[in-house]
Amino acid sequence: MKKNRVYTVSSLLAWIGGNSKFWLVALPAMAMLAQAPVAYANAEVTSVVQQSNAVKGSVKDATGESLIGVSVTVKGKKGVGTITDIDGNYSISCNAKDILVFSYVGYATQEIAVKNQKQLNIVLKEDTKVLDEVIVIGYGTTTRKSAVGAVDQVKASMIEDRPVANMTDALQGAAPNVVIQQRSSNPNDRKTNFNIRGISTVNDNSPLFVIDGLIADGGSFDKLNPNDIENISILKDAGAAAIYGSRSSNGVVLVTTKKGKKNQRATVRLNGMMGWQNPDILFSPVKGYQNATLRNLAATNAGEAPKYTPDQIRDLAAHQDEESWFFDQIMRTALQQNYNLSVSGGSDKTTYMVSLGYYNQESNYVGNNDFGVQRYNFRTNITTEVGRLKLNAIMAYTRNNSVSTTGGNLEVDAARVPTYYYYKMKSADGRYLLNDVLSEFNPLGSLEAGGRNKYRNNYLNANVNAELRLIDGLKLRGVLGADVINDMRSTRNLGVAYYLNEEATEPRPVKDTDYRTSNWNHTAYLINTQLLLDYNKTFGKHNVSGLFGVTNESFTSSSNDIEKKGVDPDLGIGTDITNSTVGNITGSTFVDDSNRTSLTSLLGRVGYSYADRYYTEFSFRYDASSKFHKDYRWGFFPSVSLGWRLSEESFMQTYKERVGDLKLRTSFGILGNQSIGTYDRFTVYELYNNSYAYNNQTVSGAGFKLGKDNLTWEKTKTFNIGVDASFFNNALNVTLDYFYKRTNDILMKPLVPTVFGTDMAMDNIGEMQNQGWDLSINYRLRTGSVNHNFNFNIGDSWNEVLKYPGHERISQIEELSRLTREGCPLESYYGYKMDGFFQSYEEIEASAIPVGGKVQPGDVKFVDRNEDGVIDSKDKFVLGNAFPRYTFGFNYNLKWKGLDFGMFWQGVGKRDMMLRGELIEPFHANYSYNIYKHQLDFWTPTNTHARWPRLTAPGSTSNRNNYGNGQGSDLFLMDGKYLRLKNLQIGYTLPKTWSRKMGMEKTRIYVNGQNLLTFSNNSFIDPESTEFDSKMGNSGANSGRNYPTLRYYGFGIDIEF
Amino acid sequence: MKLRKYIAFAGMAVLMLCSCNEMENAPMNKFTDNSYWTSATKAQYVVNMAYSQMYNAGRMWSDESLSDNVYDGRSVDDQRAIRKGMGTPSLDIFKNEWKDLYGGIKTCHVFLEKVDLVPNMDAALKARMVAEIRYIRASLYFRLTNLYGAVPFFTEDITLEKSRSVSRTDRETIISFIHQELEDIKDALPTRDQLSEEERGKITKGAVCALQARVYLMDSDWSNVMLYCDNLMNKQGEYGTYALFPDYAGLFDEANEYNEEVIMDRSYVPNLITWGEMVDMIPLSRGGRAVSRVPQQSLIDTYLMLSGKTISETGTDYNPAYPYDNRDPRLTATIIYDGYDWSGNVDDGSKNVVINIRPGSGTDAYDGGGNGTSTGYFTRKYYNPQAPGDQNSGMNIITMRYADILLMYAEAVHETSGMTEEVWNKTIRPIRERAGFTADAALNFPIGKSKEEMRQIIRDERRVEMAMEGLRWYDIKRWKAGNKYLSGKVRGASFVDENKLDTRKFEEARDYLWAVPISEINLNPNLAPNNPGYGN
């Protein structure tokens, strides 16, 4: 009988797999199941109430509030149970000798013997047993006390009700060594760096994301609705992560979404949040007449004629009230809204959860009210049990809409124009104006009339999970997941007529190429199949667990892009017949850019523990990736972990009673990274359109890219040792970890002399080590009726390049210079050290200066490191590193009766930050024509201890010495540490009696703010902004030339009924 | 027992569940090494790529910036730093040119190595393609050796190991290879007259001759310069028919591409293959953006008066108050100056547009900073009214033209036996006639000039005729005239604040060659020592 059933299920699964049509029918059917449990639950409550031999009572919490939906079951009797009603009352039929079990999420389960009583009033205590807390790990769960890996948990409460744009934002500061840096606050172009435990490769350092057990495309994480998240587990060490094998070396982020709870009545939650975001521009220009005066000083300091006459300066001074800065003119306060609705509940067999979310963030750019993003989330999660079979179906859909400007460099173009009253971006009659600084276009014209990019991104996730209990302790689980991604972009670039000045009657010629229509479509799907055998059984003091599985992930994507220049004058877009020379499609057009990968894996984990005292665990993954040649395809990633709960030892009995729990754990393993292009191992010939022409007819050209067959994984050997300790009856919990990672076979291109003629293929050649520590402290405190909760975490990591092609590389980013050298951290700042400013000609006479240089008092003096009398490349120092260290987060929550207060601080304890360009150099390089207020402390004969060198005109030898020698110096170096009040929230929950009158179970209102306060050593730049990506690569927008940080003020309401 | 069965079922189930991709998947939209060399068409694509790597507008303008014709006034780019005497082996321009030129050579070598894989290829077609590739390789090596002197030299695809140890080959060896190559291939190529219309722009026998002459010119090998110029002047039946295009300004009109004067050019096509340097060289009022590369006063001063006199010789009719009046018409065809009659000289449909550059005269006025001109001039030659507003131009860049042949011939004759009236009348005179001179004093052979005076006349003629065509730096280099032309104060128009212009510095012992990029020496110590005068 048993055998038959198993056979049927297996073959059913097989049949299902072969029949894609089945899923077409099954998925909607499962979605419809959502209706069923509601009826089921009601029916059961009714039937129980009709029983005559009943125990009645109420369930309340410690403060006397009734608890609704508490599950009441009879121990040992399956299928008998009820839940408390709206007033916390229950009634259940049972025998006099039965034991009733009261369980409720967040509260300790209580078992009460009936003992002939008819009335049992229960007070449930909040569950503070951290040790029994369930921890989600790869392909399973464990408990806090038996966890032997380095795993951080981030709970829903850390994420909910915060005005974050996406999940990555929400995780900033939430766990030690989860380093998140926001590079741009632009809602249409959010860029964040996500590093777990620092940098361990020169390639992709972003973690692996796993959503409800399915490995997800990196972008999917931010498509989730933060309100749908139940829990996030961050796997940091080899013990926890090795089961994800070839992609786990940067850590793994496991997301579990919310589901309904068994025996819970249908609960409807509605929350809304609304607020305003102010762009926080941290630097500001001086008054126009001051600017002109100082520019004259810069010119005369360099021996040039002054730029402005005294009359012109007087004129600017007379009109200073009419001045307005372009940067202020293109930014505005924008609205952000977030609404969520969810329904969840369950019977004793079936649970369900349905949620809807809507998020809308306007852009802070002026010019088009459509600029901004909207996200729509829909999610269902249904679980049902049929005998030994447990079925779970999750369906989620996300739609992201985005409309953004086609303009670029808007901030810097706006910021670099002096505030002179006669500079205007738009004339009174609505024409866009140019001036001698912006001679091609202006930001306002780009924003208002330049067209837009419109994104319509769809993401569908279906996850079906069947679990069959085979024998006691042994489960077979089959998972089928599909991510379907469909992204579209349509771009309409419009030419803008710009007038050279207000009097001009003819606009500057409008570019034909400014009229461009392009559409891009991208579709991708990721099919994930898993079959897992899971065993867990306790024999007396021995616990044995085992997991074995086979999985495959197949990813397929293809995209196309079509672009036409010129547009139909009536339609405003390119048409089928827009085919003149002007209308021809351009080189960027492609019909099919496709990509296919497959990853097949065997994975397993074996664990044994004795008496909750000794733990040992071995896990592995054996991966085969299609990115590699078949001879180098398979990689084996093992790990072993050990745990010892000292406090369980008999000799520690006194310690356990007086102090608390103490556990030591350690792990070692090998993790992988396969961060190369899908087809990097092939030598490919690519055809390029329009490479050359004969007789003005274009012809194609062919180029080639070399590949290499024997590419394989990067391997990171990872060691972790940690201690978990609790004090004061679990009120204080401390976790401390140290880790060491060494990555071999880093995939890099060997340094090839350019005589070779082309780039060499990727190869496994680099080596790097990375170590650091994590500390988190959690403290719960109750003083009278006030509940406090403190969470503090801090982490540090530092890396060292061990092997690098060519042993070192110096790279230039305009005025800055960086060094990657064996023995130094990756991409360190490099350059000269300042030795103050020259104070006299005598000092110059006696000092070393750069080759070919000419300086004057007030110019920067550099340290002649090798004392050879000249400043050259041999005098450079390693000046610092831009990767954040001592990153920390601090969360404090207070609850007093209905009032709640929460604040969240986040920051960085140590970071070097080099800036360049106009924020450092006044009148930067004939590009910016401004001096900003923070630059006024410059050297003059009477201000010799200044922050900045004397003013000099761009291009002059002094200017080149101070800023532009292309070698970098610590003049550009800032202290990047900061402390920021990321979030502040004050809420009030209405007394239940009031809520009830309005037909609600719970009503909470709150006000909140984000980025309210920042402590930093630099007033003029957001200390969080960085110009480097998660692998320290140079990532464009730099040195404050980006969208300003946003300050949020808002309010919200949570309703439950 | 039971367990094993479960696992068996499980395995089966997983296999069937897999709608997975295969593990062996080659790219679907790109050719791999095995699937590429299958047809003559695909071989031709590689030839086309090599053509595109041979030369481009960027190189022409960059070379021009190395000379005394123009000045990069907006920011200190590498060319300007070199001219300020601040060239160091770590300049990007040294690195990038080196990389690009060897990249082109790679394409040639891969072609030569693989073309035999193409099955059943027509022999004549293959021979012609091979000849084109060898011509391109010769051009690339010529440029390399002009810039860097002795360079790594190899004639088949280089291995990675060899690229790390190859040392530099002296210039003479490379130059004689170039001559030998050009000699070997010339008969596999058609003449200009044999080209079908669709083939215009391809490498011809005439282009081989012109390149021979130019390579010999660099070494002042006058007899060979005369020999190859003579081929093009007097043996046009064998080497192709060439003549001066009647209109100097029209030579640089998009409509007149592939005219009878053009021996070789670099193709561009409107909207599809374009070059965009012009946007930073023309007046703001005509679509200029951030004007950087602007003509120098010394170039303007080199243009003769219509009378045939220079602006400074005795009896000149030059009037400093009206410096641009009665000048060689090529000045107007090349340079935009204060009071320039735009509408009269640029066929862009505008009316009565005059470019005013004097301070305070409006949008294009000199103001000593900002986005305007730093010398008081803008560039006219190669401005293309047909280009769209962003100035991305589809106009071909002429790399060799017949006037250059005449000028090379004139110079070679003068340097060997001295200029004669006969040679003058075959070379300088037709060039001046075509330029628009009519005065006898300007057209006739100047009598009574010393050898040195005549040399200057020929060199100045070359400067103005070929201005803005990327040749001037190489002329100065072969004349060893760096000190004369490339040192001292850069000058602009009379109203320009000269304090803002550079003082140039030329090191005779160093600056005729570029430095081998320091990054390359670091990778391959056999490239050391660097060229004389360059530190590290």
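Here is a short chat about how a few labels in this predicted model are earned.

Me: What should I know about the model and its numbering?
Reply: It's a predicted model, where local features need pLDDT of at least 70, side-chain atom pairs count only at pLDDT 80 or more, and totals for chains, interfaces and linings use all residues. Residues are numbered from 1 along each chain as its sequence is written, chains are lettered from A and ligands numbered from 1 in the order in which they are written, and side-chain values use heavy atoms, leaving out hydrogens and water.

Me: Why is the link between B:Asp367 and A:Lys307 called a salt bridge?
Reply: The label needs a side-chain nitrogen of Lys or Arg within 4 Å of a carboxyl oxygen of Asp or Glu. Here the closest N and O atoms are 2.9 Å apart, so the pair fits the rule. Chains A and B have two salt bridges between them.

Me: How do you know that strand 27 and strand 28 of chain A pair?
Reply: Strands are DSSP runs of E, at least two residues, numbered from the N terminus. Two of them pair if DSSP finds at least two bridges between them. This antiparallel couple has 19, so they pair. One example is A:Gly549, with A:Leu603 as its bridge partner.

Me: What makes helix 7 of chain B largely enclosed?
Reply: Buried means under 20% relative accessible area, with exposed over 50% and partly exposed in between (1.4 Å probe, protein chains only). In helix 7 of chain B, 20 of the 26 residues are buried, so the rest of the structure largely encloses it. B:Gly149, with a positive phi near 75°, follows this helix.

Terms used: Helix = DSSP H or I, 4+ residues; strand = E, 2+ residues; numbered from the N terminus.
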